[in-house]
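Visitor: I would like a brisk tour of the inside of this protein. Let us take empty space, cores and cysteines in turn.

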Amino acid sequence: MRNLITDVPGLQVGNATEPHIGTGATVILAEEPAVAAVDVRGGGPGTRETDLLDPAATVERVDAITLSGGSAFGLDAASGVMAGLAARGRGFAVGTARVPIVPGAILFDLLNGGDKGWEGHPPYLQLGRDALDAADVDFHLGSVGAGTGCTTATVKGGLGSASAMTATGHMVGAIVAVNAAGSPLFGDGPHFRAGHYERGGEFGGLGVPSHVPDEARDPRLKGGVSRFATTIAVVATDAILTTVQARRLAIMAQNGLALSLFPVHTPLDGDVVFAMSTGRRALEAPLPDLARLGALASIVLARAVARGVYEARRLPFPDCQKSWHDHFGR
């Protein structure tokens, strides 16, 4: 296992990064169209094609999901992915036409330094196309792709991923761009709020503090307000799910953000979690198996959040937010 969302059979991930701008895009590519759903909890979301993921909608499967920086400009990343998939002959068949189905979500990274004064068109359509071309089972974490310009209330955010297997043999994976209004840490210390769930020292092996410091109970918000935020994620499984079941998986997985960030789902966060099913293994007992799947997805997402922050590195611009490693030197 890679401890990446691509441990779920049938998925690839690609990143495209603009280091001088301080932004990027990430695509989660389904090798075959995948059942998908979404759960939106933040008060200021930026999304594309999420209405299509309603269980009552006609189209049940997606070709890819795109996560991007750039605020509303970043919604163009999905258009780049669509163009690339269309060139490959992918998409929902409508007569002789094919329309690639690519939902997406964006985060706000326009005030993190870097040259945001692009001339002409914003770079996100090309970033989406480049991310698709880079899609593979192995990919980097931290300050790459949609995680490039991410920040949090205390340390730099980034792109994280993790995976695990249920007792029934179903694979669960998550990928997340951590740009939270809140903090992934307990107070001023190095301990991650997701420390209870860490596996194999994947984010430093520090565990949790022996006692919760008083300052960890006080909400910290990025810049004193939650304006420049949003954490966006995808959880995936090889279990065969309906769209209704995938929606429940996304709902339960949102708990992973609450396990790893505080506060979360604030009025101007745009927190979004997509769920994908590549449909390789049936559930033996649908209700209890789905409950266990969702519980594990929340833990895997919490681990992915901490990994994204742990792997992030400070951007090379004046006054950019320091990384976890800058603060704690480990």
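Guide: A cavity is a set of grid points where a 1.4 Å probe fits but cannot get out. Keep in mind that this is a predicted model.

Visitor: How many cavities of 30 Å³ or more are there?
Guide: The count takes enclosed spaces that the probe cannot leave. With the cut-off at 30 Å³, the number of cavities is three.

Visitor: What is the volume of the largest cavity, and how do its lining residues divide by class?
Guide: The lining includes Ser 183, Arg 193, Glu 215, Asp 218, Arg 220 and Phe 262. Its residues divide into three nonpolar, two polar and four charged. The volume is about 40 Å³.

Visitor: Which residues are closest to the centre of the largest pocket?
Guide: About 290 Å³ of space lies in this pocket. Its lining has 18 residues, and the closest to the centre are Leu 111, Asn 112, Thr 151, Lys 222 and Gln 321.

Visitor: How many charged residues are in the lining of the largest pocket?
Guide: Sort the lining by class. Seven residues are nonpolar and seven are polar. The charged residues number four.

Visitor: Which element gives the largest share of the largest nonpolar core?
Guide: This core has 40 residues. Elements that give two or more include strands β2 (23-40), β10 (232-239) and β11 (272-281), along with helices α3 (243-253) and α5 (286-311). Twelve residues, the largest share, come from α5.

Visitor: Which residues touch Phe 192, leaving out those up to four places away in sequence?
Guide: Phe 192 is one of the four core residues that touch the most other members, with Val 235, Leu 241 and Leu 301. Its contacts include Pro 184, Leu 185 and Phe 186. The others are Phe 203, Gly 207, Val 208, Ala 306, Val 309, Tyr 310 and Trp 324.

Visitor: How many residues are in the second, separate core?
Guide: Among its members are Val 8, Ile 28, Val 62 and Ile 232. The second core has 34 residues.

Visitor: Is Val 172 buried or exposed?
Guide: Val 172 lies in strand β9. Beyond its neighbours within four places in sequence, Val 172 is in contact with residues including Val 8, Ala 162, Ala 236, Leu 293 and Val 300. Its relative accessibility is 1%. Buried means under 20%, so Val 172 counts as buried.

Visitor: How far apart in space are Val 172 and Ala 86?
Guide: In sequence, Val 172 and Ala 86 are 86 residues apart. C-alpha to C-alpha, the distance is 28 Å.

Visitor: Where does Ser 323 lie, and is Ser 323 buried or exposed?
Guide: Ser 323 is in the loop between α5 and α6 (324-328). Leaving aside neighbours within four places in sequence, Ser 323 is in contact with Val 155, Lys 156, Ala 312, Arg 313 and Arg 314. The relative accessible area of Ser 323 is 1%, so this loop residue is buried.

Visitor: Why is Cys 320 not bonded to Cys 150?
Guide: The structure holds zero disulfides. Cys 150 is buried at 0% relative accessible area, and Cys 320 is buried at 7%. A disulfide needs sulfur atoms within 2.5 Å. The sulfur of Cys 320 is too far from that of Cys 150 for a bond, because the distance is 13 Å.

Conventions:
Residues are numbered from 1 along each chain as its sequence is written. This is a predicted model: local features need pLDDT of at least 70, side-chain atom pairs count only at pLDDT 80 or more; totals for chains, interfaces and linings use all residues. Side-chain values use heavy atoms; hydrogens and water are left out. On a 1 Å grid over the protein atoms alone, a cavity is a set of points where a 1.4 Å probe fits but cannot get out, and a pocket is an open set with protein on both sides within 12 Å along at least five of seven lines; lining residues have an atom within 4 Å of a point. Grid points are joined across faces, edges and corners, and a volume is the space filled by probe spheres set on the points. Ala, Val, Leu, Ile, Met, Phe, Trp, Tyr, Cys and Pro count as nonpolar, Asp, Glu, Lys and Arg as charged, and the others, Gly among them, as polar. A nonpolar core is a set of buried Ala, Val, Leu, Ile, Met, Phe, Trp, Tyr and Cys residues joined through side-chain atoms within 4.5 Å. Buried means under 20% relative accessible area, exposed over 50%, partly exposed in between (1.4 Å probe, protein chains only). Helices (H or I, at least four residues) and strands (E, at least two) are DSSP runs, numbered from the N terminus. Contact means heavy atoms within 4.5 Å.
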